[in-house]
Amino acid sequence: MNLDFSPEDLAFRDEVRAFIAENYPAGLREKQEEGEEMAKEDFLSWHRILAKKGWVAPAWPTQYGGPGWTSVQRYIWSEETARADCVPILPFGINMVGPVIYTFGTPEQKERFLPPTLSGDIWWSQGYSEPGAGSDLASLKTKAERFTGDDGKEYYLVNGQKTWTTLAQHGDWIFCLVRTDPNAKIQEGISFLLIDMKSPGVTVRPIITLGGEHEVNEVWFENVKVPVENRIFEENKGWTCAKFLLAHERSGIAGVARSKRGIERIRQIASTELGDDGSALIKDPMFKRKVAELEIDLTALEYTELRTLAGEAAGKGPGPESSVLKIKGTEIQQRITELVLEAAGHYGAPYFRGFPTDGDNAHPIGPDFAHRAAPTYFNVRKTSIYGGSNEIQRNIIAKMVLGL
Amino acid sequence: MDFNFTEEQSMVRDTVASFLRDKYDFDTRRKIVSSDAGWRADYWKAFAEELGILGASFSEELGGLGGGPIDNMIVMEEFGKALVIEPYLGTVVIGGGFMKHSGYAGAASVIEGIVGGTTTIAFAYAEPQARYTWRDLKTTAKKDGSGWVLNGHKAVVVGAPFASHLIVTARTGGAQRDAGGVGVFLIDKNLPGVVTRDYPTVDGNRASEVYFENVSVPADALISEDGLDLVDRVIDEATAAVGAEAVGVLRKLHEGTLDYAKQRKQFGTAIANFQVLQHRMVDMFIEVEQSVSMTYMATIKVEEDAAERAKAVSAMKVRVGRACKFVGQNAIQIHGGMGMTDELAIGHYFKRASLIEGLFGSVDHHLKRYEALSFDAAA
Ligand SMILES: Cc1cc2nc3c(=O)[nH]c(=O)nc-3n(C[C@H](O)[C@H](O)[C@H](O)COP(=O)(O)OP(=O)(O)OC[C@H]3O[C@@H](n4cnc5c(N)ncnc54)[C@H](O)[C@@H]3O)c2cc1C
Ligand SMILES: Cc1cc2nc3c(=O)[nH]c(=O)nc-3n(C[C@H](O)[C@H](O)[C@H](O)COP(=O)(O)OP(=O)(O)OC[C@H]3O[C@@H](n4cnc5c(N)ncnc54)[C@H](O)[C@@H]3O)c2cc1C
């Protein structure tokens with residue numbers, strides 16, 4: 001057992017740092033640091049820079065375009081990108097559907113979908129949840145019925161509704177769980193379909209969330225024709241892909257490196273904001289105590305994640321233990337936003353979207369960091385709901401780990 | 001010992017509740033929040049003339065109906081249930097509070113304006129550097145002939161866009177954080193040199209940054225030249241009233257969550273049947289009930305001597321602040337994705353609860369204040 005980086009790892013870290021310093025756009029860094037909402041182009045520009053370098057998909061095998069990093073190198077990568085406030089790479093293509101395609105797809109599917117997923121030419125959306133199928137995902141109702149087209153080819157006719165679809169307003173393609181056998185046991189009649197969102201019959205409608213963001217959508221399918229060759233893996237075996245993907249989704253969700261950066265940012269904020277006694281807020285024993293507790297809890301999470309990573313390196317895939325990472329990781333992310341809002345004091349209240357646009361710089365409305373403190377606090381409540389709610393994660397641990 | 005309400009108090013509650021039921025449903029509120037004005041001046045007029053509630057908490061000698069803090073509690077709780085925007089807190093509780101307790105010469109006519117619905121007041125007390133230390137003032141009031149000249153910047157003055165008048169704290173003497181020399185002024189918001197930048201708040205209200213740029217105010221604007229005790233007293237009353245508003249908000253959060261959990265089905269059953277959620281909703285219920293108890297306690301003690309009052313109010317705000325966080329967060333959690341939407345009312349109650357947590361002092365602030373009063377003062 002040891003915690004040291006090897007000389008090679010240290011050299012790798014320097015290389016990564018230098019690359020980010022030279023290539024990460026300064027404008028993005030600022031937006032990310034202030035927690036501003038990102039436009040489509042913001043996500044894509046960094047994605048493309050990394051794709052060109054061959055670093056956009058750290059976990060992918062080299063034959064599909066991964067960089068062939070060790071788990072320690074991947075750990076260093078996530079640390080360094082978080083430290084530098086890099087825009088996160090959206091998970092839907094790289095962490096979710098990509099691994100499903102290279103694990104379960106045909107050679108043709110790999111060739112067709114993996115390169116544009118890497119390059120950023122396909123923006124993927126995740127079409128799992130439905131109005132009636134949230135935690136109980138397997139009860140999904142969107143149906144896909146097979147038919148032979150006029151061209152003699154085999155198609156599915158897709159009808160139904162997905163919801164909470166993140167950033168689907170930008171989506172090129174959506175990967176969906178659909179019901180292909182209504183008579184089978186619920187997990188057994190599901191297939192995994194890739195659907196071109198430009199197909200006739202696909203409609204995307206916005207859902208506005210608490211902080212006023214347009215981040216999620218409803219996606220409707222009305223008689224959408226999908227070629228059978230867009231199905232990944234066998235018909236009615238989509239649940240296998242779904243479970244594989246959920247485990248992948250959970251392992252990225254701990255967000256240790258981002259939370260470290262978040263705590264560092266709280267320390268910066270609290271060293272300039274003043275407390276009740278007129279000295280820096282970080283000197284306030286009660287505030288300081290909360291930051292210290294966060295750091296300790298994050299350390300516990302970090303070493304739990306490192307143990308999991310070491311297990312993975314030894315050949316164990318991410319198992320139900322990753323639910324621990326999801327629960328603790330999201331709780332920490334949420335507590336960080338609570339402390340930022342607390343640090344903002346009165347200036348947590350102004351709603352930045354409604355700021356006057358009179359160009360008056362002589363009469364500012366609070367410090368910059370405070371402008372998104374409350375909306376971010378509201379928004380991050382989502383993390384204990386999505387990706388399998390934290391109650392569902394506890395159910396998984398109870399059943400799969402504790403054997404209850 | 002008696003926790004019952006008098007007939008008059010019950011009438012105030014019924015009157016307010018039935019008005020809000022008819023005229024302040026969630027859709028109407030949404031329209032009010034997104035309108036240019038941001039509030040309903042005609043509703044305010046109705047509160048004064050039709051309902052007569054703006055005078056409920058003033059004594060009969062002062063032109064009111066003879067009530068007091070309990071009436072404020074009742075109105076604020078009902079306002080909390082409907083997430084009312086209109087400036088009862090600033091005008092009646094705070095403006096009225098300064099008029100009741102200061103011996104201000106113009107009090108009778110100001111109260112007449114409040115009760116009649118023609119005077120609306122916002123309280124400009126917070127400053128960017130001061131957090132929750134009300135005496136930490138960079139805003140200055142300098143004697144100028146018989147009047148005063150104000151200079152400074154007040155942060156997040158809630159309700160200022162709707163206000164005809166401001167009550168302003170400003171240093172008449174002493175150093176920035178001294179207890180002495182805290183002046184209190186009542187000024188017309190339209191005086192030359194009062195610069196306001198108006199904006200919405202995350203919970204649907206409106207506020208302003210208020211800048212005083214050599215504002216000349218007349219001698220009769222002075223409520224108190226050395227008024228920190230007065231400010232503390234009025235803010236304690238306002239905090240108690242906010243506790244009551246929180247009770248209204250918390251009741252709705254809890255109620256809305258129970259309803260949703262009974263109706264939302266997953267895994268072939270209502271999610272209300274999952275024991276882990278049942279216990280969560282029980283804990284929410286306990287938080288709500290304790291908030292009610294603490295708000296009653298603080299409202300009753302708000303008229304006692306300064307130390308007793310301050311301790312009671314801080315104790316209340318600690319419990320209520322924690323309840324706002326626990327009940328608010330779990331209401332969203334139990335709603336799942338639906339809780340994250342702007343469409344449902346539940347999220348709007350959560351946002352209000354989240355701001356109430358920090359209003360007139362965070363949990364930490366009030367814990368420290370309680371400790372100082374309960375331990376340090378006794379030692
Ligand atoms: C911001 C956001 C983005 C999202 N993005 C996507 C996306 O891109 N693609 C996608 O497919 N989905 C997405 N989701 C959907 C997300 O996965 C679901 O919200 C989640 O699965 C919960 O489902 P639900 O919202 O229907 O809540 P419900 O399942 O109705 O749950 C409500 C409450 O009941 C609890 N509960 C449910 N079952 C149990 C049980 N057995 N035991 C104990 N408690 C239980 C839950 O924990 C929760 O607290 C997103 C959600 C959000 C909020
Ligand atoms: C100091 C002491 C004094 C006592 N005095 C008396 C007395 O004077 N008279 C008397 O009759 N009895 C008395 N009791 C007994 C007491 O009533 C029982 O201990 C109690 O009812 C719990 O029963 P149990 O010990 O069999 O635990 P169990 O019922 O086996 O419970 C074990 C655990 O499971 C939990 N649990 C059980 N059922 C559920 C459920 N449906 N949902 C969730 N969790 C559950 C419990 O909360 C507990 O944590 C006393 C016990 C103690 C410890």
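**Exercise 1. Determine whether D172(A) is buried or exposed, and describe its surroundings.**

*Solution.* Step 1: D172(A) has a relative accessible area of 17%, and it is therefore classed as buried, a term that requires under 20% relative accessible area, whereas exposed requires over 50% and partly exposed lies in between (1.4 Å probe, protein chains only). The structure is a predicted model, in which local features need pLDDT of at least 70, side-chain atom pairs count only at pLDDT 80 or more, and totals for chains, interfaces and linings use all residues. Residues are numbered from 1 along each chain as its sequence is written, chains are lettered from A and ligands numbered from 1 in the order in which they are written, and side-chain values use heavy atoms, with hydrogens and water left out.

Step 2: In chain A, the loop between β3 (154-162) and β4 (173-179) holds D172(A). Helices (H or I, at least four residues) and strands (E, at least two) are DSSP runs, numbered from the N terminus.

Step 3: The side chain of D172(A) comes to 2.7 Å from the backbone nitrogen of W123(A).

Step 4: Apart from neighbours within four places in sequence, the residues in contact (heavy atoms within 4.5 Å) with D172(A) include D121(A), W123(A), I195(A) and K198(A).

**Exercise 2. State how many residues each chain gives to the contact between chain A and chain B, and describe the interface.**

*Solution.* Step 1: Chain A provides 54 residues and chain B provides 52 residues.

Step 2: About 4400 Å² is buried between chain A and chain B, with 57% of this given by carbon and sulfur atoms. Buried area is the accessible area (1.4 Å probe) that two parts lose on being put together, summed over both.

Step 3: Seven salt bridges cross the interface of chain A and chain B, each a side-chain nitrogen of Lys or Arg within 4 Å of a carboxyl oxygen of Asp or Glu. A salt bridge joins the side chains of D358(A) and R197(B), at 2.2 Å from N to O.

**Exercise 3. Compare the span of helix α8 (residues 256-272) of chain A with the expected value.**

*Solution.* Step 1: The helix has 17 residues. The expected span is 1.5 Å times one less than the number of residues, which for α8(A) gives 24 Å.

Step 2: From first C-alpha to last, α8(A) reaches 25 Å, close to that expectation.

Step 3: Among the buried residues of α8(A) are V256(A), R261(A), I263(A) and A270(A).

How values were computed:
Polar contact = N/O pair within 3.5 Å; in protein donor to acceptor, adjacent residues only side chain to side chain.
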